[in-house]
Amino acid sequence: MNPSQQSASPRRIGDTLSLVVRWILGGAFVYLGLTKALEPVDFLKLVREYNVIHHHIGLNLIAAVLPWFEVFCGMLLIIGLAIRGSALALLVLLLGFTALVVSRAWELHQLQAIPFCAVRFDCGCGNGEILICGKLLENIFLMILSLVVVVRGPRFKIGRNI
C-alpha cells in the first residue's frame, strides 16, 4: 500500500461516518417533524401547554410551520444540500426545545413532588408521553450529532477529484 492510499483510507472512513451521522440526524428530524405535521391540532395543544406564546396567530404559526421546517432541514441533510446550515438550524432548535422541556419538567417536578427523572409528559416532540431524563438524553444525542455535522461539514469539494 503506497502512502497516498494509507492517508485516503482514514479519510474515507471519516467521510462515511459523517454521511451516516447526517442520515441519522436527517432521518430523525424527518420522522419527528412528520409525526407533528400529520397531527397539527394535537401538536398545537401541546405547544399551548408550554405557556410561552399566548397569541393564537403565533401558536397556529408554530404548529403549522415548525414541523415542516424540521422535515425540510432533515431532508436537506439526507440529500446533502446546505448541510452545515441545516445542522446548525437543528442544533439551535434542539437547544431551545431542550430548555423548554427542562423548564416544563421542572414545573411538574415541583408541583407533583416527584423525582425529576420520574416526571413523565408529552413534550410535543412526536414520541408521545415520555420520561423526561430519557428525552433529555435523546436531545443531547441529537445535539452531539448536529454539532458533529456542523464541525465536520461536507467533505466533497467540486473539482477536487478532477
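What pLDDT does the chain average, and what share of the residues score at least 70? In this predicted model, the average comes out at 88, and 90% of the residues reach a score of at least 70. Confidence is not spread evenly over the elements: helix α3 (residues 56-79) has the highest mean pLDDT, 96, while helix α1 (residues 3-37) has the lowest, 84. Then there is the stretch over residues 157-162, where the pLDDT is below 50. Leaving near neighbours in sequence aside, that stretch has three contacts in the model.

As for the overall layout, the chain has five helices and two strands. Reading from the N terminus, the order is α-α-α-α-β-β-α. The chain has 162 residues, and 37% of them count as buried. Among contacts with a separation of 6 or more, 63% are between residues 24 or more positions apart.

Helix α2 is a handy place to begin a closer look. Its buried residues are Phe 43, Leu 44, Leu 46 and Val 47. Viewed down the axis of α2, these buried residues fall within an arc of 165°, so they line one face of the helix. One of them, Val 47, turns up again in the largest pocket, as one of the residues that lie nearest its centre.

That pocket has a volume of about 290 Å³. Its lining is made up of 17 residues, and besides Val 47 the ones nearest the centre are Tyr 50, Leu 66, Phe 97 and Leu 100. Helices α2 (40-49), α3 and α4 (83-112) are the elements that give two or more residues to this lining, and α3 supplies the largest share, with four residues. In chemical terms, the lining of the largest pocket divides into 14 nonpolar residues, one polar and two charged.

The model also holds an enclosed space. The count comes to one cavity of 30 Å³ or more, and the volume of the largest cavity is about 80 Å³. Which residues line the largest cavity? The list runs Phe 29, Leu 32, Lys 36, Glu 70, Leu 94, Phe 97, Cys 125, Lys 135, Asn 139 and Leu 142. At least two residues of this lining come from each of α1, α4 and α5 (132-152). By class, the lining of the largest cavity splits into six nonpolar residues, one polar and three charged. Phe 97, listed here in the cavity lining, is also among the residues nearest the centre of the largest pocket.

Val 101 gives a view of the packing around α4. This residue sits in helix α4 and is buried, with a relative accessible area of 2%. Setting aside residues up to four places away in sequence, Val 101 touches Tyr 50, Phe 121, Cys 123, Ile 132 and Lys 135. Of these partners, Ile 132 lies 31 residues away from Val 101 along the chain, yet the two C-alpha atoms are separated by 7.9 Å. Two other partners link back to the spaces described above: Tyr 50 is one of the residues nearest the centre of the largest pocket, and Lys 135 is part of the lining of the largest cavity.

The loops offer some contrast. Where does Leu 38 sit, and is this residue buried or exposed? Leu 38 is in the loop between α1 and α2 and, at 60% relative accessibility, counts as exposed. In sequence, Leu 38 and Trp 68 are 30 residues apart, with 9.8 Å between their C-alpha atoms in space.

Two further loop residues stand out for their backbone angles. Asn 51, which follows α2, is not a glycine but has a positive phi of about 55°. This residue belongs to the loop between α2 and α3, and with a relative accessible area of 55% Asn 51 is exposed. Ala 113 is the other case: its phi is near 50°, again a positive value in a residue other than glycine. Ala 113 is found in the loop between α4 and β1 (120-122), where at 68% relative accessibility Ala 113 counts as exposed.

Notes: Residues numbered from 1 in each chain as written. Predicted model: local features only at pLDDT ≥ 70, side-chain atom pairs only at ≥ 80, totals over all residues. Heavy atoms only, no water. pLDDT = per-residue confidence, 0-100. Contact = heavy atoms within 4.5 Å. 1 Å grid on protein atoms, 1.4 Å probe; cavity = no way out; pocket = protein on both sides within 12 Å on 5 of 7 lines; lining within 4 Å. Points joined across faces, edges and corners; volume = space filled by probe spheres on them. Nonpolar A, V, L, I, M, F, W, Y, C, P; charged D, E, K, R; others polar. Buried < 20%, exposed > 50% of the residue type's maximum accessible area, 1.4 Å probe, protein only. Arc of directions from axis to C-beta.
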